[in-house]
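Reader: I would like to learn how to read the sheets, helix packing and salt bridges of a model. Could you take me through them one at a time?

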Amino acid sequence: MKKRILFALAISGLCLSASAQKVQFTEFDLDNGLHVILHQDKTAPVVAVSVMYHVGSKDEETQRTGFAHFFEHLLFEGSENIKKGEFMKLVSSNGGQNNANTTQDRTFYYELFPSNQLELGLWLESERMLHPVINESGVKTQNEVVKEEKRLRIDNAPYGKFTEKIFTHLFDGHPYRWQPIGSMEHLDAAKLSEFIAFFKKYYVPNNAVLTIAGDLDIDKTKALVKSYFAEVPKGAPVVRQEFKLPEITKEIIDTAYDANIQIPAIFAAYRVPGMKSRESKVLGMISSILSEGGSSRLSTKMVDQKKTALQVAAFNYSLEDYGAYITLALPNKNTPLNDLLKDIDEEVLRLQTDLISESDYKKLQNKFENNYVSANSKMLGVAENLANGYTFHDKDANDINKELEVIRSITREEIRDVAKKYLNKNQRVVLYYLPKK
């Protein structure tokens, strides 16, 4: 019982230190190209086992969208040694938790276990990589699961299609123009041989990072990793197509209708640099100034003072090749959508014109330092951030230790200049999102 309580506390991050200490790690490669990162933290008897595959919806063919997200589901079907439906039962019956998620750029699988079940986590992920069962039965089962997910999260969800509508314009000519859930028609039309080919191309050790964080012995874990993953055959090198989009120079305006809403919304979105860029971090800080917390500029002005908006937000949707900087507002008391956009534009212009105050700058730095500590206070967060560094920052897992330094070095002048460079009316997509009568 005591172990279970400790495990629950560790998962919630309550028993891990909250200081911005350097994250120590060990990394090495297996002969098959699998990159392995180990982080030891004996604070609690917990271990996170994760595999990040560098494959997302941007790696799909235009007539076969949704494959990466589909595989997120399909690779829970079982393996030559794990019966159909047994994967998750093995995790839960041994005191663990597991899940997976897919973005435009990567697929991430993980298990959280009491540390005495580390070997089970390694075996499960090696089975997924080495010989998963990919057959007609599994494809049919997961096809229905994905269709239900799309109905629930997108088709029948209020405002569920705004990213789809925005990205169609913002990333025209790039695979980001479709969403990771993809097209159900494409999945229905795909043959089993196409699914198998997609697996063999992308779910290979040389396109993956295995990250293990928590209560572990480095040398013993190295030996276990080799014993479970060394036999996985290396795949052919993954060659990615590069997409260079022309700049948006004229405002694009569109309207979308949604039967799931009663209150309209207005969105303004700008194409911005990808996550590797320093400017992407500056845009994250701009979001905080504009809309993070009740005292942020947009919330104070539009929700509290003028009471014209029920909700207002600004966020940087950061991706590998590009990002989408999105502002949005929902009206209060039938405020015209253009009035909301005007108020947002005024606050953006203020950022482009005036430096934020020294006291606001100090608060911002403190907030981002706290966010950094929080993100790395849980073993799963450390595992994912180490994997992100290697996958997206030129194979530099140590990016996790550079992030705070970069944040601290961003100046008030940079915040003004980045807002001025990327958040202009002629560079954006404006979407009127209206109830469908």
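Reader: Which strands does α2 lie across?

Author: In this predicted model, α2 lies across β4 and β5, running at about 165° to β4. Contact here means heavy atoms within 4.5 Å. Axes are lines fitted to C-alpha atoms, for helices over the stretch in contact, and angles run from 0 to 180 degrees between N-to-C directions. Helices (H or I, at least four residues) and strands (E, at least two) are DSSP runs, numbered from the N terminus. Residues are numbered from 1 along each chain as its sequence is written. Local features need pLDDT of at least 70, side-chain atom pairs count only at pLDDT 80 or more, totals for chains, interfaces and linings use all residues, and side-chain values use heavy atoms, with hydrogens and water left out.

Reader: What is the strand order of the sheet of six strands?

Author: Two strands pair if DSSP finds at least two bridges between them. Here the order is β1-β2-β6-β3-β5-β4, in an open sheet with mixed pairing. At the edges are β1 (26–29) and β4 (97–102), each of which pairs on one side only. From one strand to the next the twist averages 15°.

Reader: How many bridges join β3 to β5?

Author: Eight bridges join β3 to strand β5 (residues 107–114), and the two run antiparallel. One residue pair to look up is V46, whose bridge partner in β5 is P114.

Reader: What does the record say about residues 36–149?

Author: An unreviewed UniProt entry carries the annotation "domain: Peptidase M16 N-terminal" for residues 36–149. UniProt positions are given in the numbering used here, feature names are shortened, and annotations may be inferred rather than shown by experiment. Over residues 36–149 the chain is 37% helix and 24% strand, with the end C-alpha atoms 32 Å apart.

Reader: What is the order of the five strands in the other open sheet?

Author: That order is β7-β11-β8-β10-β9, and the pairing is mixed. Its edge strands are β7 and β9 (309–318), each pairing on one side only. Neighbouring strands of this sheet are turned by 15° against each other on average, direction ignored.

Reader: Which way does β11 run against β7 and against β8, parallel or antiparallel?

Author: Strand β7 (residues 252–258) and β11 run parallel, joined by seven bridges. Strand β8 (residues 265–273) and β11 run antiparallel, joined by six bridges. On the β7 side, I253 stands opposite V430 in β11. On the β8 side, Y270 stands opposite R428, and A265 stands opposite Y433.

Reader: Why is β11 described as largely enclosed by the rest of the structure?

Author: Buried means under 20% relative accessible area, exposed over 50%, and partly exposed in between (1.4 Å probe, protein chains only). Six of the eight residues of strand β11 (residues 428–435) are buried, so β11 is largely enclosed.

Reader: How are two packed helices described?

Author: The description uses the angle between their axes and the distance between the axes. The axes of α10 and helix α16 (residues 412–422) come within 9 Å and cross at roughly 100°. That makes α10 roughly perpendicular to α16 (under 35 degrees counts as roughly parallel, over 145 as roughly antiparallel, 65 to 115 as roughly perpendicular and the rest as oblique). Residues making the contact include V282 and I286 of α10 and V418 and Y422 of α16. Helix α10 (residues 278–291) also lies across β8, β9 and β10 (322–331), running at about 170° to β9.

Reader: When can charged side chains pair?

Author: Side chains of opposite charge can pair when their charged atoms come close. A salt bridge is a side-chain nitrogen of Lys or Arg within 4 Å of a carboxyl oxygen of Asp or Glu. By this rule the count comes to 33 salt bridges. In one of them the side chains of K58 and E320 meet at 2.5 Å, N to O. This pair links distant parts of the chain, 262 residues apart: K58 is in the loop between β3 (46–53) and α2 (67–74), and E320 is in the loop between β9 and β10.

Reader: Is K58 buried or exposed?

Author: K58 is buried, its relative accessible area being 10%.

Reader: Where do E347 and R350 lie?

Author: Both lie in helix α12 (residues 337–353), three residues apart, about one turn of the helix. Their side chains meet in a salt bridge of 2.8 Å, N to O. E347 is buried at 7% relative accessible area, whereas R350 is partly exposed at 38%. A network of salt bridges links K301, K306, K342, D343, E346, E347 and R350.
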